[in-house]
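The following paragraphs lead through a structure by way of its strands, helices and side-chain contacts. Please keep the coordinates open while reading.

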Amino acid sequence: ILVELLALVYGNDAQEASVDFGALGCLISEAVKKEEPFPALIRCAELLDSCQFADFWTAYNTTIIESTNYYPRVSQLAKSKHAQTSLRRSILNNLSLAFQSTSLTSVLTQLNLDTTDQLKKFVSQHTDGIMEEIQGDKFVFASKTQNTKREKIYQEGGGVDYATIRNLMLHSGGVVSAKE
């Protein structure tokens with residue numbers, strides 16, 4: 001159980017390689033996975049994977065933290081500041097890949113934070129260059145290749161010239177069965 005929670009918490013935050021929550025789950029028998037807190041861990045992993053971060057925090061706080069009284073080490077890890085920081089850092093990084101800017105309220109909700117001051121403190125202490133600035137109720141991410149609109153490059157005369165391809169096929173010995 002502890003290994004699964006570690007994979008959930010640190011899997012997306014791993015710098016060198018990703019820890020695959022699903023792969024680790026294959027090592028645990030199906031019978032054991034039917035008992036709590038495994039279904040809750042799986043649900044949390046699915047919510048993270050599908051970028052439903054606000055729902056993730058609800059499931060994480062109500063199911064993992066509150067219902068793991070039978071597993072004190074799991075509960076301790078889930079409640080730890082380090083685990084929550086790692087999850088927030090991963091979520092903020094995912095948001096920065098998708099958005100150039102978004103509402104401050106949305107970022108606070110996605111990170112399970114209450115105030116702008118908490119967000120500013122978190123960003124300054126735990127992220128490096130992910131935020132450009134906060135403009136009123138707008139959180140602006142630093143520009144990245146992934147969140148910057150790229151211009152489309154069009155080729156003059158674009159499109160495929162099928163007559164040229166047909167001629168190439170004919171002259172190269174390829175079979176062309178088209179009626180002329």
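Which residue takes a positive phi in the hairpin of β2 and β3? With 2 residues between the strands of this hairpin, G136 takes that role, its phi being near 65 degrees. The model is a predicted one, in which local features need pLDDT of at least 70 and side-chain atom pairs count only at pLDDT 80 or more, while totals for chains, interfaces and linings use all residues. Residues are numbered from 1 along each chain as its sequence is written, and side-chain values use heavy atoms, with hydrogens and water left out.

The sheet is a suitable starting point. Helices (H or I, at least four residues) and strands (E, at least two) are DSSP runs, numbered from the N terminus, and two strands pair if DSSP finds at least two bridges between them. Strand β2 (residues 131-135) runs antiparallel to strand β3 (residues 138-141), with 4 bridges; M131 has F141 as its bridge partner in β3. β1 and β3 are likewise antiparallel, over 3 bridges, and S101 is bridged to V140 of β3. The resulting open sheet of 3 strands has the order β1-β3-β2. Because β1 (101-103) and β2 each have a single partner strand, they stand at the edges, and one side of each is left without a neighbour in the sheet.

Two helices lie across this sheet. Helix α8 lies across β1, β2 and β3, at about 80 degrees to β1, whereas helix α9 (residues 116-126) lies across β2 and β3, at about 165 degrees to β2. For such angles, axes are lines fitted to C-alpha atoms, for helices over the stretch in contact (heavy atoms within 4.5 Å), and values run from 0 to 180 degrees between N-to-C directions.

Within α8 (residues 104-111), L104, V107, L108, Q110 and L111 are buried, where buried means under 20% relative accessible area (1.4 Å probe, protein chains only). Seen down the helix axis, these buried residues fall within an arc of 165 degrees, so they line one face of α8; the arc is that of the directions from the axis to the C-beta atoms. After α8 comes N112, with a positive phi near 60 degrees.

Helix α7 (residues 81-98) contains T85, which counts as buried because its relative accessibility is 8%. Leaving aside residues up to four places away in sequence, T85 touches F122 and H126.

Methods: Buried means under 20% relative accessible area, exposed over 50%, partly exposed in between (1.4 Å probe, protein chains only).
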